[in-house]
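Thanks for coming, everyone. I will walk you through one model today. Please have a look at it before I start.

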Amino acid sequence: SAVVMPRPRLVETMLDADNASTRARAFERGATLQPEYDSFSWLKTALLATPRARGLRAFAWPWLCINGVSVLWTSLYELALPKRTSSLGSFGIVYQLVFSTMGFLLVFRLSRAAVRFWDCRTAFGNFNVGVRRLVDVALVHGKGRDARALDDVCAWACAFVVASKQFLRGVKTISAEEVMGILSDDDRKRVENARHPPLYCASMLRRAIHRAFGVDEKGGTTSDTIRLESRLRQLHEQCDFLITNEGALERLRGTKLPMIYVMHLRTFLMAYCVSMPFVFVNQWRWGTIVAVAVVSFALLGIEGAATECEIPFSADHANHLRMDQYAQACLLSVGAYLAWNERLEGANDFGHREGNVSCASLEDLVIDVDTNV
């Protein structure tokens, strides 16, 4: 009969050099579409910003239409109309009042989009917090428990983060390279085929926790049972924490600012910008074309920035959440915990500063802190 080889431990497959480099390359491809920028450089942010960085796709068409009207009317006024009194300059005061009102609407719109963006960033960052807590508690209290079940706890915690990233982006597939050494190909396909991949991973995570901590050992005392229940409750609280934050991200993705507000703002924004050449052409003459282009770009850019940041989950938008980097940081943290646990597993003076032969040098306890977490 064929000999069944035992499944390798997660610490071996996840920290394997080839698997780790494959995951790093996969996440790096996503990072190239959402590069970090230098907030201290005025040259790069004010003058050399690319169209993708400025989010031009969010307001390019209305800006082109407004400037088309501006060029057409200015040219007609300067070249074709017999009288240069054909202007709406007498409406200047009303125009200023409309601008003041619209300014308040734009400020509110942008501030709400910024709050939503940081709510999304906080919720996704909480994935890293929850996974770190869960994996740390499971490994620290898992000595003597089912090692394979503990591996599954760590693996499904990683899978939850990757599946949530893809689900929020509306992508059904799970890249085999991103979970290389963590999930088998069969498990990865099961996640892809699930109706709700993050919840599937969370369910599998709870089952792994139950296998590792949910069955008390025979002959255990009442104190042992209470201790085990306490650990189990800790782990399930972290599962609840992960699911709560994933649900918050789904809520933010599915709920925009009320339609009436956006419609009202955009109606008056377009009316203001389109009418600008008719009001000021007698004062600015040919300069109207440049003035309208600059002012409309500034005003539409504020609305475009709000639109760009309102639901920040796309993979190819420079201003959206850098979820590939966040997921990679989470997986690196899990790998660090597994490596530490492997070194400390046989130590008798677990947790003491002196006498811990597995932590003889400071380098053994250093984690590479990722600022993207």
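Start with Asp152 and Arg211. These two form a salt bridge, and their closest N and O atoms are 2.3 Å apart. Asp152 sits in helix H7, residues 147-168, and Arg211 sits in helix H9, residues 197-213, so the pair ties together parts that are 59 residues apart in sequence. How covered are the two partners? Asp152 is buried, at 15% relative accessible area. Arg211 is partly exposed, at 42%.

One thing to keep in mind throughout: this is a predicted model.

Now some background on the pairing. Side chains of opposite charge can pair when their charged atoms come close. How many salt bridges are there in total? The count is 17.

Take a second one. Arg109 and Glu310 meet through their side chains, at 3.4 Å from N to O. Arg109 belongs to helix H6 and Glu310 to helix H12, and the two are 201 residues apart, so to speak of distant parts of the chain is fair. Are they buried or exposed? Both Arg109 and Glu310 are buried.

A third one is Arg57 with Asp316. Here the closest N and O atoms are 4.0 Å apart. Both residues are in loops. Arg57 is in the loop between H4 and helix H5 (60-79), and Asp316 is in the loop between H12 and helix H13 (323-344). Along the chain, 259 residues separate them. Arg57 is exposed, with 52% relative accessible area. Asp316 counts as partly exposed, at 37%.

Let me step back to the overall fold. What is the protein built from? It has 13 helices and 0 strands. Read along the sequence, the pattern is α-α-α-α-α-α-α-α-α-α-α-α-α. The protein has 373 residues, and 41% of them count as buried.

One buried example is Leu269. Its place is in helix H11, residues 259-284. Leu269 counts as buried because its relative accessibility is 1%. Look for Gly103 as well. Leu269 and Gly103 are 166 residues apart along the chain, and their C-alpha atoms are separated by 9.6 Å.

Next, the cysteines. How many disulfides are there? The count is 0. Cys158 shows the reasoning. Its closest cysteine sulfur is in Cys330, 6.0 Å away, and that is too far for a bond. The cut-off is 2.5 Å. Cys158 is also buried, with a relative accessible area of 1%.

Now the spaces, beginning with the open one. The largest pocket has a volume of about 1200 Å³. Its lining has 34 residues. Which of them lie nearest the centre? Those are Pro35, Tyr37, Ala53, Ala318 and Asn319. Four elements give two or more residues to this lining: H3, H4, helix H6 (92-140) and helix H12 (287-310). H6 gives the largest share, with 6 residues.

Then the enclosed space. There is 1 cavity of 30 Å³ or more. About 50 Å³ of space lies in the largest cavity. What lines it? The residues are Arg9, Val11, Leu139, Leu150, Asp151, Leu338, Asn341 and Glu342. H7 and H13 are the elements that give two or more residues each. The largest share, 3 residues, comes from H13.

Last stop, the surface. Leu43, Leu47 and Leu48 make a nonpolar patch of about 340 Å². Find Leu48 in the loop between helix H3 (42-47) and helix H4 (51-54). Why does Leu48 count as exposed? Its relative accessibility is 54%, and exposed means over 50%.

To recap, in order. Asp152 and Arg211 form a salt bridge, one of 17. The protein has 13 helices and 0 strands. The disulfide count is 0. The largest pocket has a volume of about 1200 Å³, and the largest cavity holds about 50 Å³ of space. The leucine patch at the surface covers about 340 Å².

Methods. Residues are numbered from 1 along each chain as its sequence is written. This is a predicted model: local features need pLDDT of at least 70, side-chain atom pairs count only at pLDDT 80 or more; totals for chains, interfaces and linings use all residues. Side-chain values use heavy atoms; hydrogens and water are left out. Patches are made of residues with over 30% relative accessible area and no salt bridge: like charges are joined within 9 Å, nonpolar side chains (Val, Leu, Ile, Met, Phe, Trp, Tyr) within 5 Å. Accessible areas come from the Shrake-Rupley method with a 1.4 Å probe; for residues, only the protein chains shown count as cover. Buried means under 20% relative accessible area, exposed over 50%, partly exposed in between (1.4 Å probe, protein chains only). On a 1 Å grid over the protein atoms alone, a cavity is a set of points where a 1.4 Å probe fits but cannot get out, and a pocket is an open set with protein on both sides within 12 Å along at least five of seven lines; lining residues have an atom within 4 Å of a point. Grid points are joined across faces, edges and corners, and a volume is the space filled by probe spheres set on the points.
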